[in-house]
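Biologist: Could you take a close look at one part of this model for me? I'd like to hear about the first helix and what sits around it.

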Amino acid sequence: MVDERARHFRRLRRLRGSARRWSVLASGLGGAAAVLTPYAGLGLPDAVWAGAAGSAIAVAA
């Protein structure tokens, strides 16, 4: 029978890994949006970058 404590720590490890992945994705998309927006001007692709970064930040939080 699986110990409740072991199950809890396994779930906690999975959640931390997921938060780490979303944080890395959010920082990458946010950085790309910050760098690419001044060079290309504001347009539809910039809105997509910013929206993806914002949603990744929301999921990470």
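Modeller: Here is a walk along that helix, with a look across to its partner in the chain. Keep in mind that this is a predicted model.

Some background helps to place the helix. The protein chain has two helices and zero strands. Of its 61 residues, 13% are buried. The chain exposes about 4,900 Å², and 66% of that comes from carbon and sulfur atoms. Your helix, H1, covers residues 4-40, and helix H2 takes in residues 44-60.

Let's start at residue 4. Glu4 forms a salt bridge with Arg7, and the closest N and O atoms are 3.0 Å apart. Why can these two pair up along the helix? Glu4 and Arg7 are three residues apart in helix H1, so about one helical turn separates them. As for the setting, Glu4 is exposed, at 52% relative accessible area, while Arg7 is partly exposed, at 42%. With the cut-off for exposed set at over 50%, Glu4 at 52% makes it into that class. If you were hoping for a network of such pairs, the count comes to one salt bridge.

Carry on along the chain and you run into a group of arginines. Arg10, Arg11, Arg13 and Arg14 gather in a patch of positive charge on the surface. Take Arg10 as the example: Arg10 lies in helix H1 and is partly exposed, with 36% relative accessibility. A residue needs over 30% relative accessible area and no salt bridge to join a patch, and Arg10 at 36% is above that threshold.

Next comes a spot with another character. Trp22, also part of helix H1, belongs to a nonpolar surface patch with Leu25 and Val59. Together these three residues have about 260 Å² of accessible area. Trp22 itself is partly exposed, with a relative accessible area of 34%, so Trp22 also passes the patch cut-off of over 30%.

Finally, look across from Leu29 to helix H2. Gly54, a helix H2 residue, is 25 residues from Leu29 in sequence, yet their C-alpha atoms are 8.6 Å apart in space. Val48 lies in helix H2 too; Val48 and Leu29 are 19 residues apart in sequence and 10.0 Å apart in space, again C-alpha to C-alpha. How open are these two helix H2 positions? Gly54 is partly exposed, with a relative accessible area of 37%, whereas Val48 is exposed, at 54%.

So, to pull the tour together: there is the Glu4 and Arg7 salt bridge, then the positive patch with Arg10 among its members, and then the nonpolar patch that includes Trp22.

Notes. Residues are numbered from 1 along each chain as its sequence is written. This is a predicted model: local features need pLDDT of at least 70, side-chain atom pairs count only at pLDDT 80 or more; totals for chains, interfaces and linings use all residues. Side-chain values use heavy atoms; hydrogens and water are left out. Patches are made of residues with over 30% relative accessible area and no salt bridge: like charges are joined within 9 Å, nonpolar side chains (Val, Leu, Ile, Met, Phe, Trp, Tyr) within 5 Å. Accessible areas come from the Shrake-Rupley method with a 1.4 Å probe; for residues, only the protein chains shown count as cover. A salt bridge is a side-chain nitrogen of Lys or Arg within 4 Å of a carboxyl oxygen of Asp or Glu. Helices (H or I, at least four residues) and strands (E, at least two) are DSSP runs, numbered from the N terminus. Buried means under 20% relative accessible area, exposed over 50%, partly exposed in between (1.4 Å probe, protein chains only). Lys and Arg count as positive and Asp and Glu as negative; His and the chain ends are not counted. The place of a charge is taken as NZ of Lys, CZ of Arg, CG of Asp or CD of Glu.
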